[in-house]
Amino acid sequence: EAKAKGAGRVALANPKMIASANSQMYLEGQLREAIANDGLVLHYQPVVGPDGRVLSAEALVRWPHPERGILPPGEFLPVAERGDLLRELDRWVLRTALREASTWPEHSGHPVCVAVNLSGLVPGDADFVDVIATSVVASGIPWDRVIIELVETLLIDLPERSRTAMDELVERGVRFAVDDFGTGYSSLARLKELPAQIIKVDRRFVSGVATESADFAVARALVDMGRAMGRSCVAEGVETATQFHVLRGIGVEAFQGWLMSRPIPPGQFRQLLRKGPVHIPEGS
Ligand code: C2E
Ligand code: MG
Ligand code: MG
Ligand code: MG
């Protein structure tokens, strides 16, 4: 018992814990403030077709932290989750991404769609449709340029109410994407139950597609099955030209990854849109 060991011992054992609890609370407070005061930024990563034309872009949140530099979501989403801030963060991202995307220039004569990741605001929420509808209407973006990305685990065994909410948005033109497909627990067979028009094949299969025969087989099975069920497939994390060409060969229609572009700030993304299709190297 701490008490039995004397006050000195307690004083020595605790500062680290206190410091870490304090810095956690401090960070949480800073994040709450950043969400409330537009202290976050969105970077956009293009998704391109087989010809390099930009079809859409995924909004990826970053936190320009006053002392620690630009923080990636992996470093502050857990803080948001613990502090019950995920929902507020999602609402901020939704509002901001749709507003920014509503003013994007056309690309090669076509409008470009925007994809938003949601993890705190979920289809089971009573106000799911309302929150999304309000952001769409406020931004003036056409419904059919909006894509909502949800991870597989949020989409399996959905209650009827959640499906109805998603259907309502789909009727207006919104599309849903299953993010990181293949990393959750649902089997290929359950793909047909997933209420999503787009399947994002996780980077873990993409990275081995040109070198590991098992990854190639899984990627090909996913794409074939997706096509048979009327879904379109996006390959995530495409880093090499060889991966791109192998994926194109098995029928992937959309590609996202560092080969085409890193996620970039809004101004830079607008510039990218004004240029022609993204150049894809020939590969080896
Ligand atoms: P995600 O939705 O699967 O996003 C793709 C992640 O892969 C991004 O990481 C992106 O920067 C990274 N990536 C893209 N291309 C490549 C590549 O070629 N190679 C490699 N190694 N990585 C690549 P990021 O931006 O750090 O985001 C991580 C995760 O955080 C996202 O995974 C998403 O689950 C979550 N997230 C990001 N932004 C938001 C947001 O605004 N709201 C919510 N709720 N979650 C977000
Ligand atoms: Mg995503
Ligand atoms: Mg993903
Ligand atoms: Mg991912």
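Donors here are N, O and S atoms within 2.8 Å of the metal (3.2 Å for Na, K and Ca), and since water is not among the atoms, sites may look incomplete. This is a predicted model, in which local features need pLDDT of at least 70 and side-chain atom pairs count only at pLDDT 80 or more, while totals for chains, interfaces and linings use all residues. Residues are numbered from 1 along each chain as its sequence is written, ligands are numbered from 1 in the order in which they are written, and side-chain values use heavy atoms, with hydrogens and water left out.

**Close-up 1. Asp179, Asp180 and Glu236 hold the magnesium ion (ligand 3).** The protein donors Asp179 (OD), Asp180 (OD) and Glu236 (OE) lie 1.7 to 2.4 Å from the ion. Read along the sequence, the spacing is D-D-x55-E. The pair Asp179 and Glu236 links distant parts of the chain, 57 residues apart: Asp179 is in strand E6, and Glu236 is in the loop between strand E8 (232-235) and helix H10 (241-249). Helices (H or I, at least four residues) and strands (E, at least two) are DSSP runs, numbered from the N terminus. Glu236 is buried, at 11% relative accessible area; buried means under 20%, exposed over 50%, and partly exposed in between (1.4 Å probe, protein chains only).

**Close-up 2. Four residues donate to the magnesium ion (ligand 2).** Here the protein side offers Glu58 (OE), Asn117 (OD1), Glu149 (OE) and Asp179 (OD), at 2.0 to 2.2 Å from the ion. Their spacing in sequence is E-x58-N-x31-E-x29-D. Asn117 sits in strand E4 (residues 113-117) and Asp179 in strand E6 (residues 175-181), so this pair ties together parts that are 62 residues apart in sequence. As for cover, Asn117 is partly exposed, with a relative accessible area of 23%, whereas Asp179 is buried at 8%.

**Close-up 3. Asp179 bridges the magnesium ions, ligand 2 and ligand 3.** Keep an eye on Asp179: the two ions that this residue bridges lie 3.7 Å apart. Asp179 also turns up among the residues that come nearest to ligand 1.

**Close-up 4. Ligand 1 sits in the largest pocket.** Some grid talk: on a 1 Å grid over the protein atoms alone, a pocket is an open set of points with protein on both sides within 12 Å along at least five of seven lines, whereas a cavity is a set where a 1.4 Å probe fits but cannot get out; lining residues have an atom within 4 Å of a point. A molecule sits in one if more than half of its atoms lie within 2 Å of its grid points. The elements giving two or more residues to the shell around ligand 1 are strand E2 (54-65), helix H3 (73-82), helix H4 (86-101) and E6. E2 gives the most, with 4 residues. There are 23 residues around ligand 1, and Arg62, Ser119, Asp179, Glu239 and Trp258 come nearest; a residue is near a molecule or strand if one of its heavy atoms lies within 4 Å of it.

**Close-up 5. Glu58, Val61 and Ser119 make polar contacts with ligand 1.** A polar contact is a pair of N or O atoms within 3.5 Å; within protein, one must be able to donate a hydrogen and the other to accept it, and residues adjacent in sequence count only if both atoms are side-chain atoms. Glu58 puts a polar side-chain atom 2.9 Å from an oxygen atom of ligand 1. Val61 uses its backbone instead, with an N or O atom 3.2 Å from a nitrogen atom of the ligand. For Ser119, a polar side-chain atom lies 2.8 Å from a nitrogen atom of ligand 1. On its own, ligand 1 has 800 Å² of accessible area, and the protein covers 82% of that; such areas come from the Shrake-Rupley method with a 1.4 Å probe, and for residues, only the protein chains shown count as cover.

**Close-up 6. Asp38 and Asp157 have positive phi values.** In Asp38, a residue other than glycine, phi is near 55°. Asp38 lies in the loop between helix H2 (15-36) and strand E1 (41-48), and counts as exposed at 53% relative accessibility. Phi of Asp157 is also near 55°. The loop carrying Asp157 runs between H6 and helix H7 (160-172), and at 63% relative accessibility this residue counts as exposed too.
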